[in-house]
Amino acid sequence: MPEGDTIYRAARALQKAIGGKIVTGFETGLAKLARVNDDTPLAGRVVEKVESRGKWCLIYFSGDLILVTHMLMNGSWHLYRTGERWQMPRTRMRMVVRTAEWEAVGFNVPVAEFHTARSLARSSQVPKLGPDILSESFTVEAGVARLAAYAQEHPDAEIAVALLNQRVLAGLGNVYKSEVAFAAGVNPFRAMRTITQREMEVMVDVAQRYMKANVVDGKGDGIVTYSGNRRTTRAMDREERLWVYRRQGQECRRCGAVILMRKQGTQARSTYWCPECQPWVE
């Protein structure tokens, strides 16, 4: 599922492929995007930059136009050389940005809209995001401060739900939520009022280290669209790459206890944890 690291890698690949290039064509199956393209065509504009903010991908075009996309559970960006056969059916295409050499294709993208700089600041969810864990300016201190402020505002909120809240920390998804809590030895169902400053520091530090480790680009100036299975354990075996996520009923890699799973929050997201390594604390 796309989390902050997935979107970061996608934005980086798009930047390398189409950043600075002239748009030669734009195609979409979404009426609201088509209307904008009809009124103010993308063809002839320059792709000024592509960047990620948490789980959002933003493509900036010259003439103050920004394509903002969110993948939710199933969306993805693909890159193809001009004329190359797509790996997904055309019926799943939501938009195509074409340059002389590349086609950037958004498949199954559920959220896509055009903005100007002004409308983005005024009406989008993007400006409301918390600190982006993968941004160059992110610091552990800033992340801890945001968690602490949220704890003051919502003392009874459960910590794993807070970790998923993009207005607290941008980029963490369901996988990292469980993995970060495990690494810090924090029971994911504990209330924010019980979380210590030190536990917040460990969770934010681990979140940054895990996510940075999963966006390492070892290909130089090449186009990297996929870097393998997400890992938190450093194990190369794909069956051993995560500590607790989707390991319900299996032995904890640290203590041997049985990993548990329970639905959590209003969205009933699956949360995984080790009852021994992450004991309940009032």
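In this predicted model, strand 9 (residues 260-264) and strand 10 (residues 269-273) run antiparallel and are joined by five bridges. Within this pair, Lys 263 sits opposite Ser 270 of strand 10. The two strands make a hairpin with four residues between them, and Gly 265, which lies in the turn, has a positive phi of about 80°.

Arg 269, at the start of the range given for strand 10 (residues 269-273), also appears in the description of a pocket. Together with Lys 55, Leu 164, Gln 166 and Gln 267, Arg 269 lies nearest the centre of the second largest pocket. This pocket holds about 680 Å³ of space and is lined by 24 residues. The character of the lining is mixed, with nine nonpolar, nine polar and six charged residues. As a general reminder, empty space of this kind is revealed by rolling a probe the size of a water molecule over the atoms.

Two open sheets come next. Strands of a sheet pair through backbone hydrogen bonds, in either a parallel or an antiparallel sense. One open sheet consists of four strands in the order 1-6-7-5, with antiparallel pairing. Strand 1 (25-28) and strand 5 (76-81) are at its edges and have a single partner strand each, so one side of each lacks a neighbour in the sheet. From one strand to the next, the twist averages 15°. Inside this sheet, strand 6 (residues 93-98) and strand 7 (residues 102-107) are paired in the antiparallel sense over five bridges. Arg 98 has Glu 103 of strand 7 as its bridge partner.

Strand 7 also contains Ala 104. With a relative accessible area of 0%, Ala 104 is buried, because buried means under 20%. The C-alpha atom of Ala 104 is separated by 41 Å from that of Glu 199, and the two residues are 95 residues apart along the chain.

The other open sheet is likewise built from four strands, here in the order 2-3-4-8, and its pairing is antiparallel. Its edge strands are strand 2 (47-53) and strand 8 (111-115), each of which pairs on one side only. Here the twist averages 15° from one strand to the next. Strand 4 (residues 65-70) and strand 8 run antiparallel, joined by five bridges. At one of these positions, His 70 has Val 111 in strand 8 as its bridge partner.

Which backbone feature marks Asp 64, although it is not a glycine? Asp 64 has a positive phi of about 60°. For context, most residues other than glycine have a negative phi. Asp 64 is located in the loop between strand 3 (56-61) and strand 4, and at 41% relative accessibility it counts as partly exposed. Leu 72 offers another case, having a positive phi of about 45° although it is not a glycine. Leu 72 is placed in the loop between strand 4 and strand 5. Its relative accessible area is 44%, and Leu 72 is therefore partly exposed.

Among the helices, helix 7 (residues 197-213) contains Glu 199. Is Glu 199 buried or exposed? Glu 199 is buried, its relative accessible area being 16%. The side chain of Glu 199 is joined to that of Arg 190 by a polar contact of 2.9 Å. Gln 208 also has its place in helix 7. Gln 208 is buried too, with a relative accessible area of 12%. Between the C-alpha atoms of Gln 208 and Glu 27 the distance is 36 Å, and these residues are 181 residues apart in sequence.

Arg 146 belongs to helix 4 (residues 140-153). At 24% relative accessibility, Arg 146 counts as partly exposed. The C-alpha atoms of Arg 146 and Arg 253 are separated by 31 Å, with the residues 107 apart along the chain.

How values were computed:
Residues are numbered from 1 along each chain as its sequence is written. This is a predicted model: local features need pLDDT of at least 70, side-chain atom pairs count only at pLDDT 80 or more; totals for chains, interfaces and linings use all residues. Side-chain values use heavy atoms; hydrogens and water are left out. Two strands pair if DSSP finds at least two bridges between them. Axes are lines fitted to C-alpha atoms, for helices over the stretch in contact, and angles run from 0 to 180 degrees between N-to-C directions. On a 1 Å grid over the protein atoms alone, a cavity is a set of points where a 1.4 Å probe fits but cannot get out, and a pocket is an open set with protein on both sides within 12 Å along at least five of seven lines; lining residues have an atom within 4 Å of a point. Grid points are joined across faces, edges and corners, and a volume is the space filled by probe spheres set on the points. Ala, Val, Leu, Ile, Met, Phe, Trp, Tyr, Cys and Pro count as nonpolar, Asp, Glu, Lys and Arg as charged, and the others, Gly among them, as polar. Buried means under 20% relative accessible area, exposed over 50%, partly exposed in between (1.4 Å probe, protein chains only). A polar contact is a pair of N or O atoms within 3.5 Å; within protein, one must be able to donate a hydrogen and the other to accept it, and residues adjacent in sequence count only if both atoms are side-chain atoms.
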